[in-house]
Every structure is written in C-alpha cells, then in structure tokens.
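Please open the model in your viewer and display the backbone as a cartoon. The tour below proceeds from one selection to the next.

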Amino acid sequence: MRIISELQDKNLYYVGGVVRDEILGLPSLDMDYCYEGDAINFARTKKLNIIKENPSFGTVRVLIDGIEIDIASTRTECYPSPGHLPVVDKIGCSLIDDLKRRDFTINAMAKNTLSGEIIDYFNSNDDLKNKKLRVLHNRSFIDDPSRIIRGLKFSARFGFELDSETESLQKSYISNINYDMSYHRIKKEVKETFNLNSDKILRKFIRDGIYKLLGDNQQVPLIKGSVERLVSLINLHNPWLCYAGLFNLSNFELTKEETEIISSFKKLENRTFDTESEAYKIFRHFPDESVLLWGLVREYDLAYHYLKNLRKIKPSLNGNDLIKLGIERGKLYSEIFDYLTEEKIKNPKLSKEEELKLVVNKYL
Ligand code: CTP
C-alpha cells in the first residue's frame with residue numbers, strides 16, 4: 001500500500017478493496033480513502049491541491065504528485081427504490097455506519113492512514129481466513145442485486161464461497177427478482193465477472209439462476225460441448241464480447257461494438273452451411289466473436305476451421321497480375337478475387353500458375 005504523507009491523518013482511512021487485498025497479499029488497482037467527517041473540509045484545511053468537489057456526495061478529488069485521488073466523507077445511504085442507485089442520507093457519519101452499508105464483510109474493513117491500525121467491526125478478518133463472503137445485512141441483495149454478481153466475481157477471483165446465510169438470502173432474492181433495477185450497475189459487474197472467463201463462474205451463473213438477473217426473459221444458451229471447452233475457446237477472443245453475444249444482453253445499455261456482436265450472432269445463429277466456401281462467404285462479413293459463438297451453439301469444427309485457416313486464405317494473384325493479363329481495373333477485380341478465393345478453399349494447394357489458368361479460362 002503506497003503511503004502518501006499528505007494523506008496521513010488520524011481521521012483518514014483506507015477502505016474497501018485495498019484493505020482486503022493487502023491482507024490477502026494481493027496488489028490493489030485502486031485506493032479508496034474515506035474521511036471520518038467532512039472530506040471537503042479536510043482537503044481545504046490541509047491545503048491540498050483540490051481539483052473537484054462534490055458537496056452532495058461529500059467527495060473531493062485532489063492532485064498529489066501528479067496522481068488524482070478521491071477522498072470520500074463517511075456517509076450513510078438509503079435506497080428509495082430498491083435496485084437503483086442509493087441516495088446519500090447523512091454526510092460525516094461515524095466510520096462504523098459508513099462500513100455497515102457496504103456489500104460483503106471482506107470489503108468493510110478500514111485501515112487508519114496514520115497509525116496503520118486495521119478497523120474490523122464485522123469479523124472480516126475471520127471471513128478472509130475462512131474464505132467466506134458474508135453480507136452485512138438481510139436487505140443487501142434487495143437494495144443492490146449487483147452484489148450477487150460481485151459475489152460471483154470475488155468467489156472466482158479469490159476462491160471464496162458464500163456463507164450459508166448469505167447463500168439463502170441470494171436464493172430467496174433470485175426466486176423473487178425485482179426486475180425494476182439499474183442495469184447500468186449490473187452491467188459493470190457482469191462485464192468484470194465475465195472477463196475473468198472462468199468455468200466455475202459460468203457453472204454457478206447457470207446452476208444458481210444468477211443469469212436471471214440479466215433480464216426477465218433471459219434464457220440459458222444451449223451450448224454444444226463442455227463448459228471447459230467453451231471457456232478455453234473464449235479465452236482466444238474478447239471474453240466479454242463473447243458472453244454479451246451468448247447471453248444476448250439486450251437489456252443493457254450497449255456500446256456499438258457490443259451491439260454489433262449481439263446482432264451479428266443473432267443473424268448467424270440459425271444458419272447452416274453445406275460447404276466450407278458457403279460458410280466462408282458469410283463468415284467473412286461477421287466479427288470473429290460471433291463466428292466463434294455460432295460454433296459454440298452449432299458446428300464448432302467448421303467455425304474453428306474458418307477462424308484458424310479459411311479466413312487467412314488469399315489468392316496468390318494480385319492486381320498487377322490481372323493488369324498483365326490485360327484485364328482493366330474495375331468491379332470485375334473483386335469478382336475475380338472472390339472466385340479465386342473460393343477455388344482456393346476447395347483446393348488449398350492451388351498454385352499461382354493454376355490460378356492464372358482459371359482466370360484465363362473464365363474471364364478471357
Ligand atoms: N461497494 C458496495 N456495494 C457495491 C459496490 C461497492 O458496498 N455494489 C463498496 C465495497 O465496500 C467496495 C467499495 O464500495 O469495496 C469500492 O467498490 P469497488 O471499487 O467497485 O470494489 P472493490 O472492492 O475495490 O473491488 P475491485 O477490486 O473489483 O475494484
């Protein structure tokens with residue numbers, strides 16, 4: 001954990017993932033700071049280089065040694081509509097009240113920036129030792145169902161399991177999902193989780209019905225072959241895009257790239273092909289991820305052959321060769337190259353001389 005001398009104060013704490021990761025001996029990507037009291041006042045009093053203040057959330061962004069650091073005030077929150085973003089109740093509450101509103105005990109520890117003392121109100125250390133994910137209160141998943149996906153993410157990342165009470169709370173939420181929820185929040189967690197591309201995650205996602213959180217009409221995709229094979233194949237591509245297509249995440253706000261994968265997979269999904277060259281002609285207009293997905297639900301060998309071999313096949317002849325044959329540059333060129341590519345798919349050993357002969361016979 002990097003110690004920044006300007007940020008050593010008896011009321012300032014590292015909180016959440018950074019404390020968890022330090023105890024687990026893992027590197028942490030981001031450092032969350034929490035000031036017991038008013039963080040904006042703290043930054044002003046300490047004359048820190050403030051670049052942004054957000055009084056309604058009690059947060060302040062400061063610049064130290066060229067690095068932007070966010071400091072939050074301790075706060076309590078409430079959920080006026082379950083599953084949506086919480087609203088701030090009180091800024092400057094006690095540290096324990098701030099930690100209480102969090103997702104799992106393992107993420108509800110604090111470490112004092114001055115003394116280095118670890119504050120553990122909820123036996124988080126025991127849960128870390130016993131590899132358990134335990135929510136802090138019974139409404140945790142109702143307030144924020146994205147925490148169910150977070151649980152899946154942490155279980156894959158650290159090899160932890162839900163404790164039995166948390167597991168029954170999850171089961172009970174999943175059997176009675178409130179679909180009026182913030183899909184924006186869910187998407188962030190689903191993306192991070194699927195990017196881990198783990199067979200353990202996928203199995204739990206399906207077995208425990210967690211996939212139902214993706215939308216009220218969500219179906220389990222019919223995958224050919226084992227989950228292990230799927231995961232190892234997805235590893236060769238962009239995992240998130242593959243899963244977005246596989247689960248058809250149309251409830252989410254999607255980027256252009258995600259929309260393209262989902263819609264192209266939908267277009268391909270039910271297609272069948274009689275020959276390799278027929279498949280080639282179609283596949284080449286689609287992104288690799290959607291071809292892979294077609295393979296996972298239809299005919300994997302053909303998709304694999306395309307991705308590994310067919311898509312690289314090119315005629316040996318080029319534009320200059322066609323000019324030498326006296327064929328003027330124009331639309332006909334692409335027709336000729338398509339024709340040669342198809343012939344090459346049928347016979348990959350086709351030589352340049354044989355290609356020339358084919359062109360002469362057909363076009364001259
Ligand atoms: N948090 C929460 N409920 C959520 C998301 C976050 O209670 N739905 C709390 C947790 O205390 C978490 C902290 O906010 O530790 C910071 O959130 P985030 O940065 O998303 O999580 P990290 O625990 O830091 O996890 P990661 O390592 O994946 O960044």
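Begin by selecting Val62, which stands opposite Ile69 in strand 5. Please bear in mind that this is a predicted model.

Next, extend the selection to strand 4 (residues 59-64) and show its side chains. Val60, Val62 and Ile64 form the covered face of the strand, whereas Thr59, Arg61 and Leu63 lie on the uncovered one.

Add strand 5 (residues 67-73), which pairs with strand 4 in the antiparallel sense over 6 bridges. The two strands form a hairpin with 2 residues between them. Select Asp65 in this turn: its phi is positive, at about 50 degrees.

Now turn to strand 3 (residues 50-54), which also pairs with strand 4 in the antiparallel sense, over 4 bridges. Here Lys52 has Arg61 of strand 4 as its bridge partner. The hairpin of strand 3 and strand 4 has 4 residues between the strands, and Gly58 in this hairpin takes a positive phi near 70 degrees.

Finally, select helix 11 (residues 239-246) together with helix 12 (residues 256-269). Their axes are 8 Å apart and the helices pack at an angle of about 45 degrees, which means that helix 11 is oblique to helix 12. The crossing is right-handed. To inspect the contact, display Trp240, Leu241, Ala244, Gly245 and Leu246 of helix 11, then Glu257, Glu258, Ile261, Ile262 and Phe265 of helix 12. Coloured by class, this contact comprises 7 nonpolar, 1 polar and 2 charged residues.

Definitions and conventions
Residues numbered from 1 in each chain as written. Predicted model: local features only at pLDDT ≥ 70, side-chain atom pairs only at ≥ 80, totals over all residues. Heavy atoms only, no water. Axes fitted to C-alpha atoms, helices over the stretch in contact; angles between N-to-C directions. Parallel < 35°, antiparallel > 145°, perpendicular 65-115°, else oblique. Left-handed = near helix turned anticlockwise from the far one by under 90°. Contact = heavy atoms within 4.5 Å. Nonpolar A, V, L, I, M, F, W, Y, C, P; charged D, E, K, R; others polar. Buried < 20%, exposed > 50% of the residue type's maximum accessible area, 1.4 Å probe, protein only. Pairing = 2+ DSSP bridges.
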